[in-house]
Amino acid sequence: QVQLVESGGGLVQAGGSLRLSCAASGSGFILNTMNTMGWYRQAPGKQRELVATITRGGTRNYADSVKGRFTISRDNAKNTVYLQMSSLKPEDTAVYYCNARVAITNYWGQGTQVTVSS
């Protein structure tokens, strides 16, 4: 089992920045086999969508809508993934969920609300 705890959400004006963090905990064996970590988001009335992912080796993948504005990073020693969000837009408003993949199993955090006011 992997537990994911997110932090860093909040209310920000358009054009502002926020940094999300997600710390993973669990058995050492499972954490050492945790490959891809990432962030997804779900806006009201919409499906959950990919925001960004990063592998243990540092390969990054971004949704087109956030490229150039968001940066994902990871500290393998701390089992923590970060999402630096800049130039935020009202359409970025959503609940942001941390995700970790171990083999074929996906683990999810409880979500953190990000609200961008215009």
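This is a guided tour of the structure above, going from one selection to the next.

Bear in mind throughout that the model is predicted.

**The four-stranded sheet**

Start by selecting strands β1, β3, β8 and β7, which in that order make up an open sheet of four strands with antiparallel pairing. At the edges you will find β1 (2-7) and β7 (70-75), and because each of these has a single partner strand, one side of each is left without a neighbour in the sheet. If you look along the sheet, neighbouring strands are turned by 15° against each other on average, with direction ignored.

Next, restrict the selection to β3 (residues 18-26) and β8 (residues 80-85), an antiparallel pair joined by six bridges. Two positions help to fix the register: R19 has Q84 as its bridge partner in β8, and L20 stands opposite L83 of that strand. Now colour β8 by accessibility, and the strand appears mostly covered, with five of its six residues buried.

**From L83 into the core**

Keep L83 selected and display its surroundings. Leaving aside neighbours within four places in sequence, L83 is in contact with L18, R19, L20, W39, V51, A52, F70, T71, I72 and Y96. L83 is also among the residues with the most contacts inside the largest nonpolar core, a set of 33 residues in which V2, L4, W39, M85 and Y96 are likewise listed for their contacts. To see which strand gives the most to this core, select β9 (residues 94-102), which contributes five residues.

**The β7-β8 hairpin and two positive phi values**

Return to β8 and add β7, which runs antiparallel to β8 and is joined to it by six bridges. Here D75 has T80 as its bridge partner in β8. The hairpin of β7 and β8 has four residues between the strands, and in it N79 takes a positive phi near 50°.

Why might one pause at such a residue? Most residues other than glycine have a negative phi. N79 is not a glycine, yet has a positive phi of about 50°. Is N79 buried or exposed? With a relative accessibility of 16%, N79 counts as buried.

A second residue to inspect in this way is S87, which lies in the loop between β8 and β9. The phi of S87 is near 50°, again a positive value in a residue other than glycine, and at 41% relative accessibility S87 counts as partly exposed.

**Strands β4, β5 and β6**

Move now to β4 (residues 34-42) and β5 (residues 49-54), which pair in the antiparallel sense over five bridges. One landmark in this pairing is R41, which stands opposite E49 in β5. Follow the chain through the hairpin of these two strands, where six residues lie between them and G45 takes a positive phi near 80°.

Continuing from β5, select β6 (residues 60-62), which runs antiparallel to β5 and is joined to it by three bridges. I54 has R60 as its bridge partner in β6. The hairpin that β5 and β6 form has five residues between the strands, and G58 in its turn has a positive phi of about 100°.

**The aromatic pair and R48**

For the last stop, show the side chains of Y40 and W108. How many aromatic pairs are counted in this model? The count comes to one. Y40 and W108 form this aromatic pair, which is edge-to-face, with 5.1 Å centre to centre and 70° between the planes. Y40 belongs to strand β4 and W108 to strand β10 (residues 105-108), so the pair ties together parts that are 68 residues apart in sequence. As for exposure, Y40 counts as buried at 16% relative accessibility, whereas W108 is partly exposed, with a relative accessible area of 36%.

With W108 still displayed, add R48 and Y97 to the selection. Over the face of which ring does R48 lie at 3.7 Å from the ring centre? That ring belongs to Y97. R48 also lies over the face of W108, here at 4.6 Å from the ring centre, and the tour can end at this arginine.

Technical notes: Residues are numbered from 1 along each chain as its sequence is written. Side-chain values use heavy atoms; hydrogens and water are left out. Two strands pair if DSSP finds at least two bridges between them. Axes are lines fitted to C-alpha atoms, for helices over the stretch in contact, and angles run from 0 to 180 degrees between N-to-C directions. A nonpolar core is a set of buried Ala, Val, Leu, Ile, Met, Phe, Trp, Tyr and Cys residues joined through side-chain atoms within 4.5 Å. Buried means under 20% relative accessible area, exposed over 50%, partly exposed in between (1.4 Å probe, protein chains only). Contact means heavy atoms within 4.5 Å. Rings of Phe, Tyr and Trp (its six-membered ring) pair if their centres lie within 6.5 Å; planes under 30 degrees apart count as stacked, over 60 as edge-to-face and the rest as tilted. A charge sits over a ring if NZ of Lys or CZ of Arg is within 6 Å of the ring centre and within 35 degrees of the ring normal.
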